[in-house]
Amino acid sequence: MDRVAGGVNGGQLAVFNSMRRRATGEGIPVYLVGGPVRDAVLNVPTRDLDFVLIGDAPALAADVADELGGQATVHPRFGTATVEVEGHRMDVVTARKESYPSPGSLPEVSASNLDDDLARRDFSINAMALPLSGDSPEVIDPHGGLDALAGKSVGTLHPSSFADDPTRMLRAVRYEQRLGFQITTDALSEMQQAINGGHADAVSGDRWRQEFQKIFEEDRAAEMLLRGIELGALAAIHPVLTDGKGLTRLAGEGDLGPNDFLVALAGSLSAVVGDGFARRLNLPTDWAQVVRDTIALREKQSAISGRSVMPSAVCAALDGLNPDAIAASVRFTDDPQVAARLRRYLDEWRLVSPALTGDDLLVMGVPSGPMVGEALRELTSAKLDGLVSGEEGERTLVHQIILRGS
Ligand code: CTP
């Protein structure tokens, strides 16, 4: 208990203490469950506090939010609620029983007791609860979670766990790689059966994307994705996800974001296949654009490689592509000259514009219409390539353009 309290602060600590007071003083059967219990046993920092209540979770969440000046959001379908206090969000769920009408579908749920609530969970290391009443409560561990933590293993509670919820394949590699554990042999063969059964197809793009998103936020995301490739879990989600070359470059690197992983996963695909990948995961517009423009950039590489490529030619090839896609692609570019041009484009060339404006050009006698834009583009190119400098140089070029056009 002290480990949990010592590992959280601000809104999380306030909610934790409120739940403890209610459990101890009012006898409310509320428990800490899943990740925070696992992390407290391991004595590692936890991210979220998850609570389970034998009773009406939305009502408890509303009371706690009222007491602490926070906010409660209710998700009636699952009898769950989120309390937000001082920017920290915590889930409070009604203890429930789940059954899956078909593999990969969302579960049917009904309110139940703690045993059923722990039995519905993914892995034994996540199927433990800590009562919040009393000073030194014992961990409730009906599925051998403490032994699994001691043995550093990620194992399921029953053989159809991955078939029920195929997103657990990505969760398994996430915990394995985050904690330095091993997925058990049984769990590996259960995963294989779920893959062979084609159950990943039944999971929506949004649900898969959310699991990818959780991985992208992890320190060892590249290793997690590589492990997912090795086990065939990624190919089960989309058949093109079999190539780990890009991810291998990211392994061990710090400070990576979603764009880096998207480029590593999809950068070597063709445009059509890349679109299929983006559609399968229902990627949001900005991520889909990174995928599309990374592929477009790869296809344009020949235009910006070679010895004498002028900056204006680099801009002509790259303008219109998403700068985030270009930035994330630099580390995957084998040709150092191209990589250097991409960097200069991002830092310098794409920001170049003429000193003269469209209005200046009109005053100088450029006829209004498309010629103004064309002249501005020519000025920009000339400035990029060092053919003109300063406002006077630009004016001279504009006079030449007018003479040429008349
Ligand atoms: N859970 C599950 N099956 C899933 C998702 C979640 O059984 N597909 C259960 C697990 O018991 C998990 C809990 O719900 O511990 C909370 O899920 P989540 O917040 O995603 O994970 P945490 O265990 O809190 O892990 P993390 O440290 O990654 O937040």
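Which of the 17 residues around the ligand come nearest? Good morning, colleagues. In this predicted model, the residues that come nearest are Arg38, Asp122, Asp165, Arg174 and Arg178.

Let me begin with the polar contacts. The side chain of Arg38 places an N or O atom 2.7 Å from an oxygen atom of the ligand. Asp50 also takes part: a side-chain N or O atom of Asp50 is 3.3 Å from a ligand oxygen atom. For Arg168, the partner is a nitrogen atom of the ligand, at 3.4 Å from an N or O atom in the Arg168 side chain. As for burial, the ligand taken alone exposes 560 Å², and the protein buries 83% of that area.

I turn now to the site itself. The ligand occupies the space of the largest pocket. Two or more residues of the surrounding shell are given by each of two elements, helix H3, spanning 35-42, and helix H8, spanning 168-179. Helix H8 provides the largest share of that shell, with five residues.

What is the make-up of the shell around the ligand, in nonpolar, polar and charged residues? The shell divides into 12 charged residues, four polar residues and one nonpolar residue.

Finally, a word on the chain as a whole. The protein chain is divided into domain 1, covering 1-145, domain 2, covering 285-351, and domain 3, covering 358-405. Between domain 2 and domain 3, the C-alpha centres are 26 Å apart.

To close, I would direct your attention once more to Arg38, which is among the residues that come nearest to the ligand and has a side-chain N or O atom 2.7 Å from a ligand oxygen. Thank you.

Key: Residues numbered from 1 in each chain as written. Predicted model: local features only at pLDDT ≥ 70, side-chain atom pairs only at ≥ 80, totals over all residues. Heavy atoms only, no water. Near = heavy atom within 4 Å. Polar contact = N/O pair within 3.5 Å; in protein donor to acceptor, adjacent residues only side chain to side chain. Areas by Shrake-Rupley, 256 points an atom, 1.4 Å probe, with all protein chains shown as cover. 1 Å grid on protein atoms, 1.4 Å probe; cavity = no way out; pocket = protein on both sides within 12 Å on 5 of 7 lines; lining within 4 Å. Sits in = over half its atoms within 2 Å of the grid points. Helix = DSSP H or I, 4+ residues; strand = E, 2+ residues; numbered from the N terminus. Nonpolar A, V, L, I, M, F, W, Y, C, P; charged D, E, K, R; others polar. Domains from an automatic or database assignment.
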